[in-house]
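Please walk through this structure with me, one selection at a time, and tell me what to look for at each stop.

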Amino acid sequence: MIKFEHVNKTFGDHQALSDINTTFKAHETTVIVGPSGSGKSTLLRSLNLLERPENGLYHFNDQTIDFAKPITGKTMLNIRRKTGMVFQGYNLFPHLSVVKNVMEGPVQVLKQKPAAAKQTALDLLDKVGLADKADAYPGQLSGGQQQRVAIARSLAMNPEYILLDEPTSALDPELEAGVLRVLLALAQEDNSMIIVTHNMEFARAVADKILFVEDGKILFDGTPNEFFKQPTQRISDFLAAMT
Ligand code: ADP
Ligand code: MG
């Protein structure tokens, strides 16, 4: 389980995260929504320590980080491994085949044997619907396919939590559907995921819990049912503007 307590992050004089208190349970999918510039990416990136809040506590299972104190390299590495950020598909290595892209981390970082890493990579490519693209190069794939390779690549590192920041924002609706299907299937397998999205229909379908963030504050933390069926005036205005 991940828990943030009283977490604050500023950029210059802008408070990007303001007293964030929330829990991300294992085996649940949390969806973070909110207007542009509200702090969604900062929150997600803080979970992966790509951003460094000034203060507050970060609990990861039985480990606690006090953001006000120095973080050791070992702790940083440990948290990074446990929270796999899925970067946009265009971060794939263009000179490596799809299967090699997925094997790279497990072989280089986790020191897995290439044969075992390859088998895992092929299984993961099958899971994201790309078994037939194992030997293709990223440049030969559509944006949606590249994004699914990026998801497989992240899964290959076997993180405890999978983090995705607007995973389909760069895709046409037709390509988006394939990626969302994969994410829904992962959610149904009880993976632990934290997803930032503007797609409310997807949020409703995939979320065990919704966080609505505005001006760096969590204005709603609850079930999708509550969020969509009994929205506050602010949330109702937000939802109206999204559709
Ligand atoms: P969202 O993902 O909800 O659109 P962000 O978390 O990216 O919002 O940004 C929250 C606020 O922090 C915005 O006002 C943004 O301009 C600011 N911000 C984000 N990253 C930086 C940065 N590296 N330097 C300065 N300001 C930043
Ligand atoms: Mg963002």
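## A tour of the helix packing and the ligand shell

Begin with helix 4 and helix 5, which are oblique to each other because the angle between them falls outside the ranges that count as roughly parallel, roughly antiparallel or roughly perpendicular. The model you have open is a predicted one, and every stop on this tour should be read with that in mind.

**First stop: helix 4 against helix 5.** Select residues 114–127 for helix 4 and residues 143–156 for helix 5, and you will find the two packed at an angle of about 135°, with their axes 9 Å apart. Seen as a crossing, helix 4 passes helix 5 in a right-handed manner. To see where the two touch, show the side chains of T120, A121, L124 and L125 in helix 4, which meet A152, L155 and A156 in helix 5. The residues of this contact divide into 6 nonpolar and 1 polar, with no charged residue among them.

**Second stop: helix 3 against helix 4.** Keep helix 4 in view and add residues 98–108, which form helix 3; the axes of helix 3 and helix 4 come within 9 Å and cross at roughly 125°. Helix 3 and helix 4 are therefore oblique to each other, and the crossing of helix 3 past helix 4 is right-handed. On the side of helix 3, the contact is made by V98, V99, V102, M103, P106 and V107, while helix 4 brings P114, A117, K118, T120, A121, L122, L124 and L125. Sorted by class, the residues of the contact of helix 3 with helix 4 are 12 nonpolar, 1 polar and 1 charged.

**Third stop: helix 3 against helix 5.** Now hide helix 4 for a moment and look at helix 3 together with helix 5, which pack at an angle of about 25° with their axes 8 Å apart. That angle makes helix 3 roughly parallel to helix 5, and the crossing of these two helices is right-handed. Select V98, N101, V102, G105 and P106 in helix 3, and then V149, A152, R153 and A156 in helix 5, to display the residues that meet. The contact of helix 3 with helix 5 has 6 nonpolar, 2 polar and 1 charged residues.

**Fourth stop: the shell around ligand 1.** Which residues lie around ligand 1? Select F11, H14, A16, G34, S36, G37, S38, G39, K40, S41 and T42, and you will have the residues around ligand 1 on display. The elements that give two or more residues to this shell are strand 2, at 14–24, and helix 1, at 40–47, and helix 1 gives the most, with 3 residues. By class, the shell around ligand 1 divides into 2 nonpolar, 8 polar and 1 charged residues.

**Last stop: the annotated span.** Finally, select residues 2–240, where UniProt, in an unreviewed entry, places the feature "domain: ABC transporter". The end C-alpha atoms of this span lie 31 Å apart, and residues 2–240 are 39% helix and 26% strand.

Technical notes: Residues numbered from 1 in each chain as written. Chains lettered and ligands numbered in written order. Predicted model: local features only at pLDDT ≥ 70, side-chain atom pairs only at ≥ 80, totals over all residues. Axes fitted to C-alpha atoms, helices over the stretch in contact; angles between N-to-C directions. Helix = DSSP H or I, 4+ residues; strand = E, 2+ residues; numbered from the N terminus. Parallel < 35°, antiparallel > 145°, perpendicular 65-115°, else oblique. Left-handed = near helix turned anticlockwise from the far one by under 90°. Contact = placed C-beta atoms within 7 Å. Nonpolar A, V, L, I, M, F, W, Y, C, P; charged D, E, K, R; others polar. UniProt positions renumbered as here; feature names shortened; annotations may be inferred. Near = placed C-beta within 6 Å.
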